[in-house]
Amino acid sequence: MLRRSLENRDAQTRQLQDAVTNVEKHFGELCQIFAAYVRKTARLRDKADLLVNEINVYASTETPNLKQGLKNFADEFAKLQDYRQAEVERLEAKVVEPLKAYGTIVKMKRDDLKATLTARNREAKQLTQLERTRQRNPSDRHVISQAETELQRATMDATRTTHHLEETIDNFEKQKIKDIKVFRNSLYPPDYSSRLDIVRANSKSPLQRSLSAKCISGTGQVPSCRLRKDQQAEDDNEEDEDLDVTEEEN
């Protein structure tokens, strides 16, 4: 009966160990990927700031109507970067840092598992010793009684550490579920969608109207507009290659 109980508890411990290992693996991966996403988003924000500056420089050389349109676009585009900056800060504080903390949490759970396994191994060893004593010296009640006492102590210790492990793993699982929900809710501020829709609506018309008028006014600027698009595509490709190389180095 006791031997079967030990086997059942060993199976339970393996399940708990697998759960901790699973969190250690996947939370570690999530932490690295989220951190990389934050870094790339920050670099994208920096590139956008350069773009805003260039638009403003270009606007200063244009006619009043187009200048105003470019200025309006630059202002709205700059506001988008404020949201991007907020995203970077929220992800860093609400997701990346808590995920990093799981490194320490997992280490503590592994220590609890190790203590439980040690206690159970001691119990199994005492059980084996008692069985051997009974086989070799069935009539020596003194030796058998000592072995039974040692087994009882080992069993009590194993039971205590097992209950502690069950409680700490239960708390671990509850905290994990809670944190995952927090991670999801922390990606965007509560009114992110509504504010972003406002920014999008405000950023569409000024530049589109001004650039459309400029490109069809017969001033010879259509090729320039196309050239700007081609140059932008080349810059985007260069940026993608730069980010890929950086990711491989990391």
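Author: A helix here is a DSSP run of H or I that holds at least four residues, and helices are numbered from the N terminus. Glu-62 is found in the loop between H1 and H2. The model under discussion is predicted.

Reader: What is the order of elements read along the sequence of the protein chain?

Author: The protein chain follows the pattern α-α-α-α-α, with five helices and zero strands.

Reader: Why is Glu-62 called buried or exposed, as the case may be?

Author: Glu-62 has 17% relative accessibility, and the word buried applies under 20%, so Glu-62 counts as buried. The side chain of Glu-62 also makes a polar contact with the side chain of Tyr-58, at 2.8 Å.

Reader: What makes that pair, Glu-62 and Tyr-58, a polar contact?

Author: The cut-off for a pair of N or O atoms is 3.5 Å, with one atom able to donate a hydrogen and the other to accept it; the side chains of Glu-62 and Tyr-58 come to 2.8 Å, and the pair therefore counts.

Reader: How do you know that the reach of helix H2 is close to what is expected?

Author: Helix H2 covers residues 64–136, which is 73 residues, and reaches 106 Å from its first C-alpha to its last. The expected span takes 1.5 Å times one less than the number of residues, which gives 108 Å for H2, and the 106 Å is close to that.

Reader: Where is the kink in H2 centred?

Author: The kink is centred on Glu-92 and amounts to about 35°, this being the angle between axes fitted to the seven residues ending there and the seven starting there.

Reader: Why is Gln-81 counted as buried or exposed?

Author: Gln-81, which is found in helix H2, has a relative accessible area of 3%; because buried means under 20%, Gln-81 is buried. Leaving out residues up to four places away in sequence, Gln-81 touches Arg-45, Ala-48 and Asp-49, while a polar contact of 2.5 Å joins its side chain to that of Arg-84.

Reader: What makes Arg-132 and Arg-134 partly exposed?

Author: Partly exposed lies between under 20% and over 50%. Arg-132 is at 48% relative accessibility and Arg-134 has a relative accessible area of 42%, so each of the two falls in that range.

Reader: Which residues is Arg-134 in contact with, leaving aside its neighbours within four places in sequence?

Author: Arg-134, in helix H2, is in contact with Ile-144 and Glu-148, and its side chain makes a polar contact of 2.8 Å with the side chain of Glu-148. The C-alpha atoms of Arg-134 and Ala-147 are 13 residues apart along the chain and are separated by 9.3 Å.

Reader: Which residues touch the most other members of the largest nonpolar core?

Author: They are Val-20, Val-23 and Leu-99, in a core of 20 residues. Helix H1 (2–59), H2 and helix H3 (141–186) each supply at least two residues of this core. Apart from this core lies another, of seven residues, among them Ala-59, Leu-70, Phe-73 and Ala-74.

Reader: What does Val-23 touch, not counting residues up to four places away in sequence?

Author: Val-23 touches Gly-28, Tyr-102, Val-106, Phe-172 and Lys-176, where touching requires heavy atoms within 4.5 Å.

Notes: Residues numbered from 1 in each chain as written. Predicted model: local features only at pLDDT ≥ 70, side-chain atom pairs only at ≥ 80, totals over all residues. Heavy atoms only, no water. Buried < 20%, exposed > 50% of the residue type's maximum accessible area, 1.4 Å probe, protein only. Core = buried A, V, L, I, M, F, W, Y, C linked by side-chain atoms within 4.5 Å.
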